[in-house]
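Visitor: I would like to learn how to read a structure feature by feature. Please give me the general idea each time, then the case at hand.

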Amino acid sequence: MKSICVFCGANFNGDPALKQAIELLAEVMVSRNITLVFGGGKVGVMGLMADAVLSRGGKAIGIIPQFLMDKEVGHTGLTELHIVENMHQRKQMMNDLSEGIITLPGGWGTLEEFFEVLTWLQLGLHNHPIGLLNVNGFYDLLLKQMDVMVEQRFLKPTNRELILTSGDPIVLVNLMDNFNAKPDEVWFKDRNLT
C-alpha cells in the first residue's frame, strides 16, 4: 500500500493509549513510505494523526469540505489539501486517493465513513483492505454486533470477514498488506445467508 485513508474523530478524549496508537501508526506508515489520506482537519484525532505523520517527514493529504474550512478547522500545514463541496465528495476522494482504510476510535462521522466504505467493498466498488484499530477494546461491542448480524442471518460470514482488526497498528497494517478482497457479491441473487 502506498496510501492509507485514516478515518478518525475531530475530538480527542485524552486517552494516552490512543495517543500512543496514533504515534505508532504514524511511525509504521512513514517507515513504509505510506501516505496518510484523511479528513483534512487540524483538530482532535485528525490533527494528532496528521501532525504525527508530518513530524516524522511523512506525507499527509487532507480532503475537507468548504463549510468546515470556513469554520477554520482545516489543517494548513499538509503536503496537499483538497477543498471539496460536500461530505460525499470528501469520502469519494478519500477512497480514490487511498489503497487501504483504517478506522480509529471516533464518533458518528467516523462510524458513518467506516460503514460506507465497508458497504462499497461488499458491493465490489473497491478492493481496499479495511481495518479497525481497536485501541483498548473500543470497538469490541461493535464487532460483537457484527457477529450477532451473522448469527441472525443479516450478514454473510464471508462479508463479516472483510473487516480486519487489531489493537496494534503494526499487526493491523501487516494484515492489510496481506488482504485479498473476496466479498460475496451475489448477496442480491441468493438470499440464503447460512
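Visitor: Is Asp 177 buried, partly exposed or exposed?

Guide: A note first: this is a predicted model. Relative accessible area decides the class, with buried under 20% and exposed over 50%. Asp 177 has a relative accessible area of 39%, so it is partly exposed.

Visitor: With which residue does the side chain of Asp 177 meet in a salt bridge?

Guide: The criterion is a side-chain nitrogen of Lys or Arg within 4 Å of a carboxyl oxygen of Asp or Glu. Here the partner is Arg 32, at 3.1 Å from N to O. The pair links distant parts of the chain, 145 residues apart: Asp 177 is in helix H8 (residues 169–177), and Arg 32 is in the loop between H1 and strand S2 (35–38). Arg 32 is partly exposed too, with a relative accessible area of 31%.

Visitor: How many salt bridges does a search of the whole structure find?

Guide: The search finds eight. Some share partners: Lys 19, Glu 23, Glu 27 and Arg 56 are joined into one network by such salt bridges.

Visitor: Within that network, how far apart are the closest N and O atoms of Glu 23 and Lys 19?

Guide: They are 2.7 Å apart, and the two residues form a salt bridge. For a pair like this, check the sequence spacing as well as the distance. Both residues lie in helix H1 (residues 16–31), four residues apart, which is about one turn of the helix. Glu 23 is partly exposed at a relative accessible area of 24%, and Lys 19 is partly exposed at 31%.

Visitor: Which parts of the chain does the pair of Glu 27 and Arg 56 tie together?

Guide: Start with the contact itself: Glu 27 forms a salt bridge with Arg 56, and their closest N and O atoms are 2.8 Å apart. Glu 27 lies in helix H1, while Arg 56 lies in the loop between helix H2 (44–55) and strand S3 (60–65), so the pair ties together parts 29 residues apart in sequence. As for exposure, Glu 27 counts as partly exposed at 40% relative accessibility, and Arg 56 counts as partly exposed at 28%.

Visitor: Now the chain as a whole. How many helices and strands does the protein chain have?

Guide: The protein chain has eight helices and seven strands. To judge how they pack, compare the radius of gyration with the value expected for the chain length. Both are given as 16 Å for these 194 residues, so the protein chain is as compact as a globular protein of that length. Its C-alpha trace spans about 50 × 35 × 30 Å along the principal axes.

Visitor: What percentage of the residues is buried, and what percentage of the exposed area comes from carbon and sulfur atoms?

Guide: Buried residues make up 46% of the 194 residues. The protein chain exposes about 9,700 Å², with carbon and sulfur atoms supplying 52% of it. Charge placement is a separate reading: the mean positions of the 16 positive and 22 negative charges are 3 Å apart.

Visitor: What percentage of the contacts joins residues at least 24 apart?

Guide: The count takes contacts between residues at least 6 apart in sequence, and 70% of them join residues at least 24 apart. Ser 3 serves as a single-residue case. Ser 3 is found in strand S1 (residues 3–7) and counts as buried at 7% relative accessibility. Leaving out residues up to four places away in sequence, Ser 3 touches residues including Ile 34, Val 37, Leu 97 and Gly 100.

Visitor: Which way does the sign of phi usually go?

Guide: Most residues other than glycine have a negative phi.

Visitor: What is phi of Asn 136, and where does Asn 136 lie?

Guide: Asn 136 has a positive phi of about 55 degrees although it is not a glycine. Asn 136 lies in the loop between S6 and helix H6 (140–151), and is exposed with a relative accessible area of 63%. Arg 153 also has a positive phi, near 65 degrees. Arg 153 lies in the loop between H6 and helix H7 (157–160).

Visitor: Is Leu 125 buried or exposed?

Guide: Leu 125 is exposed, with a relative accessible area of 59%. Leu 125 lies in the loop between helix H5 (108–122) and strand S6 (130–133).

Note on methods:
Residues are numbered from 1 along each chain as its sequence is written. This is a predicted model: local features need pLDDT of at least 70, side-chain atom pairs count only at pLDDT 80 or more; totals for chains, interfaces and linings use all residues. Side-chain values use heavy atoms; hydrogens and water are left out. Helices (H or I, at least four residues) and strands (E, at least two) are DSSP runs, numbered from the N terminus. The radius of gyration is taken over C-alpha atoms; the globule rule is 2.2 Å times the number of residues to the power 0.38. Buried means under 20% relative accessible area, exposed over 50%, partly exposed in between (1.4 Å probe, protein chains only). Contact means heavy atoms within 4.5 Å. Accessible areas come from the Shrake-Rupley method with a 1.4 Å probe; for residues, only the protein chains shown count as cover. Lys and Arg count as positive and Asp and Glu as negative; His and the chain ends are not counted. The place of a charge is taken as NZ of Lys, CZ of Arg, CG of Asp or CD of Glu.
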